[in-house]
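Let's take a walk through a protein, one piece at a time. Keep the picture open and follow along as we go.

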Amino acid sequence: MDGPTLVERYFAMVRMRRFEEACLAGVPTREIHGELHIGIGQEAVAAAMIGTLRDDDALVSTHRNHLHALAKGVPAQPMLAEIYERATGLCGGFGGHMHLFDLERRFSTTGIVGSTLPVALGHAYAARIEGRDSVAVGVTGDGGANTGGFHESLNMAGAWRLPLVVLIENNEWAISVPFEESTATPTLAERAAAYGAWGRRVDGLDVEAVAEAFGEAVAHARAGHGPAVLEATCYRFRGHYEGDLDLYRPAGEKDRRRQEQDPLSLTRERILARGAATGAELDAGEEEAAAAIAAMLAAVRADPMPDPATARDHVFAGAAAQKGLI
Ligand SMILES: Cc1ncc(C[n+]2csc(CCOP(=O)(O)OP(=O)(O)O)c2C)c(N)n1
């Protein structure tokens, strides 16, 4: 398969995990306000996107967005600074964790469940109007797949053959609502048929399987064959948000999943079984990733907070224009 090697994808997953642990450090210290949604356990899905998307492809993500941003190539330090609400952040510290935005890489997020897909649809339509062969990826959870925006976007993309790739991270839970109680069919991928879309379900813990399927979905959309729906099954290891008591899932189930189905451990085992790297090489790379993220966190913590006097500059278009900001 073209693109990054398994070892490279593994280290991307390790960096993602260390990055999110660095975010977790800001919750008890109250450096991060509001809800923080972490994707620990879902790294394989994001790491599988690396190497397939171009800067001119759009990626629109959800409230659980850090891993997707890293996969799209959004620089980690300004991202961490944005999550830590610093002036050096991607959006000057005014957006925070749920509103990451990178114009250059066409990456954006929304905290409104289900609204990633209409936004991605807009990017897909823009590519059509501008005659570009870019695709637009809209990420949603299994809960978001049950919103009107999911169906309306796929219907329009199907009817107009727009290059929309819908990536569903089916982590089995929408806050406290289990997947099988809210969905009539055993899979979400089978909905693709209703929209004339390419559709497939894949094991979202298997980074190589997701990379292969994602590559196929993007190629389908880029070739002008219309939308694609890729459902990646996975499991969220932490509560819905930091602060969630998470009493709706049996503790035993969570512990077992963490032990047996951690995508990082599974990928590491595969690398060792194949002899693609030695344990010592992996240990060294892991230590390097941990040190790099620790240094990044220390740097971000030393960064200034935004100047409160500029707060309104980002609220009203008139004020922003007057100051030459837009
Ligand atoms: C329109 C809207 N309704 C409700 C919410 C509250 N809410 C935030 S996340 C969430 C569940 C999302 O579940 P899912 O799409 O499966 O994503 P996951 O959190 O599992 O990644 C809900 C209901 C919201 N943010 N927006």
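At what angle do helix α1 and helix α10 pack? Before we get to that, keep in mind that this is a predicted model. Now find α1, which covers residues 6-24, and α10, which covers residues 263-274: the two pack at an angle of about 155°, and their axes are 10 Å apart. Angles over 145 degrees count as roughly antiparallel, so α1 is roughly antiparallel to α10. The way α1 passes α10 is a left-handed crossing.

Who is doing the touching here? On the α1 side, the contact is made by L6, V7, Y10, M13, V14 and R17. Across from them, α10 brings in P263, L264, T267, R268, R270, I271 and R274. Sort the residues of this contact by class and you get eight nonpolar, one polar and four charged.

Stay with α1 for a moment, since it has another partner to show you. The axes of α1 and α4 come within 10 Å and cross at roughly 25°. That angle makes α1 roughly parallel to α4, and the crossing is right-handed. Look for F19, A22 and C23 in α1, which meet A76, M79, L80 and I83 in α4. What classes do the residues of the contact of α1 with α4 divide into? Here you'll find seven nonpolar, no polar and no charged residues.

Now let α4 lead you onward. This helix spans residues 76-83, and its axis comes within 10 Å of the axis of helix α11, residues 279-301. The two cross at roughly 50°, and α4 and α11 are therefore oblique to each other. Their crossing is right-handed. In α4, the residues to look for are A76, Q77, L80 and A81, and they meet M296, L297, A299 and V300 in α11. By class, that contact has seven nonpolar, one polar and no charged residues.

Next, move past α4 into the loop between this helix and strand β2 (101-102), and you'll come across M98. Which residues does M98 touch, if you leave aside its neighbours within four places in sequence? They are E35, H37, H63, N65, T109, T110 and G111. You can also compare M98 with H66: the two are 32 residues apart in sequence, and 9.0 Å apart in space from C-alpha to C-alpha.

One of the residues touching M98 is H63, and H63 takes us to the last stop, the ligand. How many residues surround the ligand? There are 14 of them, and the closest are H63, R64, G143, G144 and W173. Zoom in on R64 and you'll see a polar side-chain atom 2.8 Å from an oxygen atom of the ligand. For W173 the atom to look at is in the backbone: an N or O atom there lies 2.8 Å from an oxygen atom of the ligand. Finally, check N171, where an N or O atom in the side chain is 3.0 Å from an oxygen atom of the ligand.

Methods. Residues numbered from 1 in each chain as written. Predicted model: local features only at pLDDT ≥ 70, side-chain atom pairs only at ≥ 80, totals over all residues. Heavy atoms only, no water. Axes fitted to C-alpha atoms, helices over the stretch in contact; angles between N-to-C directions. Helix = DSSP H or I, 4+ residues; strand = E, 2+ residues; numbered from the N terminus. Parallel < 35°, antiparallel > 145°, perpendicular 65-115°, else oblique. Left-handed = near helix turned anticlockwise from the far one by under 90°. Contact = heavy atoms within 4.5 Å. Nonpolar A, V, L, I, M, F, W, Y, C, P; charged D, E, K, R; others polar. Near = heavy atom within 4 Å. Polar contact = N/O pair within 3.5 Å; in protein donor to acceptor, adjacent residues only side chain to side chain.
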